[in-house]
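Grab your viewer and try these short exercises, each followed by a worked solution. Have a go before reading on.

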Amino acid sequence: MLRAWTSRLPCPAHYKLPCLSARRRIRFPIMSLTPQRRNKHFESDPSTNRFLYEFQSARWLYNEREQQACRYMEWDANALVDTACTILQAKECTTMEKMMEGSYNRAFLLAFDNGKDAVVRIPCPVAGPVGPITASEVATMQFAREVLEIPVPQVYGWNSDPKNPVGSPYIIMENAHGISVDQRGPIEGAHAQPLFDDLMTIEKAFEKVRFSQIGSLYFTKDVSAELQTRPLFADDMDLSTEALRNAANKYRIGPLVDRQWYRGERATMVSVDRGPWPDFVSYCSAGINLELAWLEHPASKSQPFLRTAMQSPRLHRSVLNMCARVIPLVLPPEEYMAPTLWHPDFSSENILISATNKAHVQAVIDWQHAMIAPYALQAGFPLVMTYDGDISEFTPGKLGLPEPPEDLNRLSKEEQAEVLERHRRAKRQKGYELYIKVYNPRRLAAISPPKTSALNILPYYISRSWSDGVGPITDILLRFHERWDTVVTVPGTPCPLDELTDGEIQEYRDVAEQSKRFSGALDALTDEIGSLGDGKVSIAGYERAKKTKKNPGEVIRSHLGVCTKPDFSDLYGHASSTKSLPCITKQIK
């Protein structure tokens with residue numbers, strides 16, 4: 001949900017959730033074997049099959065061992081191939097390609113001797129509870145395909161039990177054809193119109209269905225008996241179509257599968273309310289209660305990925321409790337808060353379009369971590385249409401297309417191409433903004449208020465408040481306080497922050513400012529070394545970073561203006577101690 005909103009917020013690099021799933025294919029031919037040894041193509045020794053289990057599409061400049069460990073997962077490749085052959089009615093699997101690696105899953109393309117092919121997705125442990133995540137992903141895909149009529153790959157077979165013969169949950173699905181929007185290159189004129197039309201049609205399909213609760217979608221059989229008794233749709237939902245009537249029995253809303261709620265020892269904590277919830281206030285309250293309970297958990301005192309200088313249990317409790325008081329007072333109008341399903345990441349990588357001619361949407365992929373949440377907080381501007389470059393005259397939300405610089409002809413051909421590409425992307429965002437204004441004014445009204453984007457990202461900040469600090473939350477609370485008359489739902493309601501002393505308000509401001517400075521330092525680290533906030537770089541970027549000879553600690557200190565000295569002695573290998581990196585690492589489990 002967060003990723004659909006990053007374009008509408010001044011989010012620092014370490015709060016963004018960029019799409020990291022490069023569609024990088026690595027082919028591994030499978031030898032033809034005798035029927036007696038059908039599909040026994042992989043050795044039983046895991047060390048010989050590490051390409052299946054390891055994350056290989058990127059590197060980390062620090063803490064690489066820990067980052068790799070939380071993405072490593074062993075499973076039985078022979079059992080998977082046998083299962084796929086049975087489902088696809090094939091005798092042999094002829095090739096297996098690692099076609100994609102994301103932060104939370106990896107996908108393989110299998111080809112069979114009968115001419116068929118299929119994609120297999122295996123979740124990584126860092127994704128969260130892999131069983132419920134897989135069950136919810138499949139249910140969401142089928143709902144989107146059957147009820148909403150969105151072009152989604154057909155699921156051929158799946159198993160969410162980590163103890164199945166494969167040794168991991170998996171999804172075997174149709175190989176969706178098409179290429180990503182960015183792979184297509186420039187899309188101009190009449191060829192771009194179908195992309196706008198199809199994307200708008202997909203988003204409107206989400207809007208038509210109002211659910212009864214906030215949470216994740218499952219098949220009815222996969223939730224508890226008590227949840228099976230609850231209705232799927234809102235009471236006033238029109239079930240005039242057969243697809244909706246069938247769905248009312250086939251699906252249910254269950255616990256949220258957001259990985260933030262299961263990081264580290266949180267996954268084992270009992271009496272945690274993970275939903276579903278009747279409204280946004282209940283959802284946020286549950287997240288706040290989880291983090292307050294985490295403060296009392298022994299594991300919170302020994303986490304290796306903490307910004308320790310930013311932690312204060314007293315301040316933490318104060319900010320979370322204040323957040324719980326403010327949220328109910330600043331909600332958008334009820335008509336915009338109906339629980340609505342939405343795709344979790346409308347980025348270029350997940351929108352596959354025609355390779356040539358008119359850019360029709362062929363498939364929408366990667367539904368992992370999809371959730372049902374209030375409409376106003378779901379229906380943000382899609383990342384696939386978002387421009388996040390540096391054209392100074394470009395202002396999101398204001399109509400009027402930016403023009404290339406007057407001295408364009410003075411630039412080299414390479415520089416001209418780069419400038420024109422930036423302007424093309426900016427114009428694409430402006431065009432889709434106009435589309436929403438003309439064809440979906442209700443959506444524009446729902447997402448336009450500045451408080452909407454702040455409320456959308458607040459649950460994420462709450463869930464990471466102990467790991468990343470409370471600075472982002474205090475910043476939002478202070479902005480609400482400064483503009484209280486424009487954000488409060490019921491005019492005349494006093495702001496709870498008015499009860500704080502001048503000293504407490506100043507403490508909030510100091511923490512917010514510290515967080516902003518730290519975010520700026522991480523942005524500088526990204527610009528100067530080419531890594532994300534957690535040190536992640538591409539394979540080529542890793543080699544470039546080594547050649548720069550720049551020390552991340554020096555970059556951080558130069559922008560923070562402080563004398564902290566994190567140890568980066570093992571920068572281009574495995575950090576000898578994650579505890580020596582409190583200033584730039586964050587919890588990954």
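**Exercise 1. Start with Q429: is this residue buried or exposed, and what does its side chain reach?**

Step 1: Q429 counts as buried because its relative accessibility is 4%; buried means under 20% relative accessible area, exposed over 50%, and partly exposed in between, with a 1.4 Å probe and protein chains only.

Step 2: Place Q429 in helix α12. Helices (H or I, at least four residues) and strands (E, at least two) are DSSP runs, numbered from the N terminus.

Step 3: Follow the side chain of Q429 to the backbone nitrogen of Y387, at 2.5 Å. That's a polar contact: a pair of N or O atoms within 3.5 Å, where within protein one must be able to donate a hydrogen and the other to accept it, and residues adjacent in sequence count only if both atoms are side-chain atoms.

A word on the ground rules: this is a predicted model, so local features need pLDDT of at least 70 and side-chain atom pairs count only at pLDDT 80 or more, while totals for chains, interfaces and linings use all residues. Residues are numbered from 1 along each chain as its sequence is written, and side-chain values use heavy atoms, with hydrogens and water left out.

**Exercise 2. Stay with helix α12 and find the nonpolar surface patch that V438 belongs to.**

Step 1: V438 sits in α12, which covers residues 413-439.

Step 2: Together with L434 and Y439, V438 forms a nonpolar patch on the surface, with about 300 Å² of accessible area in total. Areas come from the Shrake-Rupley method with a 1.4 Å probe, and for residues only the protein chains shown count as cover.

Step 3: Check the patch rule: residues need over 30% relative accessible area and no salt bridge, with nonpolar side chains (Val, Leu, Ile, Met, Phe, Trp, Tyr) joined within 5 Å and like charges within 9 Å.

**Exercise 3. Describe helix α9: its span, its start and its packing.**

Step 1: α9 runs over residues 280-295, and its 16 residues reach 23 Å from first C-alpha to last, close to the expected 22 Å. The expected span is 1.5 Å times one less than the number of residues.

Step 2: At the start of α9, a side-chain oxygen of D279 comes to within 3.3 Å of the backbone nitrogen of V281.

Step 3: The buried residues of α9 include F280, Y283, I288, E291 and W294. Among the elements that the buried residues of α9 pack against are α10 (313-326), β14 (371-374) and α14 (450-463).

**Exercise 4. Which parts of the chain do the salt bridges of E291 and K250 link?**

Step 1: Apply the rule: a side-chain nitrogen of Lys or Arg within 4 Å of a carboxyl oxygen of Asp or Glu. The count comes to 23 salt bridges.

Step 2: E291 and R266 meet at 3.0 Å, N to O. E291 lies in α9 and R266 in the loop between β10 (251-254) and α9, so the pair ties together parts 25 residues apart in sequence. Both E291 and R266 are buried.

Step 3: K250 and E146 also form a salt bridge, at 3.0 Å. K250 is in α8 (residues 242-250) and E146 in α4 (residues 130-146), 104 residues apart. K250 counts as partly exposed at 32%, and E146 is partly exposed at 40%.

Conventions. Contact = heavy atoms within 4.5 Å.
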